[in-house]
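User: Could you take me through one part of this structure in detail? I would like to look at the place where the two chains meet and at the salt bridges around it.

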Amino acid sequence: MLPQVTTAHYIVLSALLFAIGLFGVVTRKNVVVILMGLELMLNAANLAFVAFSRHHGNLQGQVFTFFVIAVAAAEAAVALSILMALFRLKGSVTLDDATELKG
Amino acid sequence: MTPFLPLLAQETAKLEMSSMPDLSRMLPGGLLCLMVIVILVVDLVRGKGPSALYPKLSMGAIAVAFLMVLFGTVKAGAVGYGGFPSLDPDALSRIFKLVFLATGFVTVLFVERSRQAFGREAEFHVILFGALAGMCYLASATEMIGFYLAFETVSYTGFLLAGYKADDRRGAEAGTKFVMFGAVSSAVMLFGLSLVYGFTGSMQFAVIAEKLAAAGSQPALVLAAIFVFGGFAFKAAAFPMQWWCPDVYEGSPAPVAAFLAVASKAAVFAAGLRVLTYGGVSGSAPALSHLMGHDSSIVQTILICSAVATMTWGNFAALRQSSLQRMLAYSSIAHAGYLLMTASVIGTDKLGQEAMAGIVFYFLIYLVMNLGAFYVVTLMRRDAGTADISALRGMGRRHPVLAVSFAIMLFSLTGLPPTAGFVGKLQLFWPVVAKGYYLLAAVGLVNGAVSLYFYAKPLREMFLAAEVEGEETRLAPDGVDLAIVTAFAVPLVILGLFGWGNVTQMAMDAVARVP
């Protein structure tokens, strides 16, 4: 028989997802790949919200998840439009090329 | 665990039972949201091309919203659907809304005066109204969903404003850095919020505060506190999330930098003050500060560490700047440090309340002096095409009104008497000293002394440095410019000399909630 899946399992999975996402964000230079890592981080939080929501027996966590999905879509739109501008001007989307402002 | 469907039926029933919330109390925010649509429609109807209509429309609408907030009656108590109160338009949010709206008004004015072709002008105003609406909701959010949505609204509109000049390499770079830092820190904060929800099973700050006070200290809660603070620190430009700030302020147009430096920072501090003292300043539960016992709570430890690092980093990095716009960015980081220092003594006692009032009071002054200083940057970039401090050389002789007004703003930013900045700094430091955190206050004072050095740089250029023949300052302020600059400088002196008692009282009233 399979062991029962508890809230703790979901939270461990969510923490792993978050860690993978954060690792990608910190180590990668390509902005598009960083955005992928970000999606992982947001979805890790979503998973945690849904798991906790079931654990506590109220729907607030699930409701939050819908809003987070909408915000993630907005984030992709805003980030990609700014990236388009950067790409048009510099011909690349890596952070190494974005070094004009410093000091 | 409860099965899903009965739960859904139960929640739906609750929603059907509840009466329509009193949305009239959210009117100023609603007006700002409406303006987003109005400007979009106007843009659609009249087609492309620059127009003098948008700034007038924006300034009019912001002025109306400002008056609605100013003269509207404050009735505390949260508004929301189905037994889920989410926004509380109380006295604290009122005073911050006034700060946001005043900053928004001034930003539109600055854009007008900068005579820069912004391109796609209607969209700029749409984004600005979105930002203002988000800020107004952020200042009154009393639960996590509303808080998160308002927080992200302020963030994303900020990214768009910073990268607004998309045909400018520096603008695009500023936008990219801003959006990367912002999205990561908000994702981290969201994960922290999910942990808080996991511990408490509630979205309401009031319930969370109660549950946390009962739970005591736990490692996962420490992690959650650090994660949530990460999001706040990003928006406040505080250590360890301050890296974006100088680049973004330098790369964005000067009016946008002014907007971000004042309104955006005020918005996150408004939310932070509410979270810190949830349950009423004079009420019982000092919310999250119970995490590690009352005396050295984890939240307090985080705030103090961040405050020391933020102000030291900001002030010392500002020393070697030659661009005024970048220097003001570091100065705004340093100011976030001073504010965090005072935030660390917020509590339920009288002193804690004074600390909170001190922060509110400081924002009222910070608004005037920082916007004034950014107007000088706007003028420099308009006339001289650069924000380099050397462009100010010889101003004292050529444009004495502008130079003296700017000097007053710099004195005020440093915190020297007889300006309002001195009174503000006094109110920031007093609760810290009275609480007995002498070392923390001493670090703050040393930082203040360091800041004297870099704020004096523009003064030296304006009044002391000899002009080189043929390289006279290119700044050519007209009558309106001088009137604007004077309008920013005069209140600083008046407030500094007398009359600050009233404003202090205003700040005290704002934080004094009925228990």
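Analyst: Happy to; here is a walk from the interface to the charged pairs beside it. This is a predicted model, in which local features need pLDDT of at least 70 and side-chain atom pairs count only at pLDDT 80 or more, while totals for chains, interfaces and linings use all residues. Residues are numbered from 1 along each chain as its sequence is written, chains are lettered from A and ligands numbered from 1 in the order in which they are written, and side-chain values use heavy atoms, with hydrogens and water left out.

Let's start with the interface as a whole. Chain B brings 53 residues to the contact and chain A brings 48 residues (contact means heavy atoms within 4.5 Å). Together the two chains bury about 4400 Å², 75% of it on carbon and sulfur atoms; buried area is the accessible area (1.4 Å probe) that two parts lose on being put together, summed over both.

Polar links are there too. The rule finds 9 residue pairs in polar contact across the interface, both residues at pLDDT 80 or more (a pair of N or O atoms within 3.5 Å; within protein, one must be able to donate a hydrogen and the other to accept it, and residues adjacent in sequence count only if both atoms are side-chain atoms). On the side of chain B that touches chain A, the largest share, 23 residues, comes from α7(B) (helices are DSSP runs of H or I, at least four residues, numbered from the N terminus).

Now for the charges. Between chain B and chain A the count is 1 salt bridge, meaning a side-chain nitrogen of Lys or Arg within 4 Å of a carboxyl oxygen of Asp or Glu. A:Lys90 and B:Glu173 form this bridge, with their closest N and O atoms 3.2 Å apart.

Within chain B, the side chains of B:Lys177 and B:Asp247 meet in a salt bridge at 2.8 Å, N to O. B:Lys177 lies in helix α7 and B:Asp247 in helix α10 of chain B, so this pair ties together parts that are 70 residues apart in sequence. Both partners are buried (under 20% relative accessible area, 1.4 Å probe, protein chains only): B:Lys177 has 15% relative accessibility and B:Asp247 has 9%.

Finally, these pairs belong together: salt bridges that share partners join A:Lys90, B:Arg170, B:Glu173, B:Lys177, B:Asp247, B:Glu250 and B:Arg326 into one network.

Terms used. Helix = DSSP H or I, 4+ residues; strand = E, 2+ residues; numbered from the N terminus. Buried < 20%, exposed > 50% of the residue type's maximum accessible area, 1.4 Å probe, protein only.
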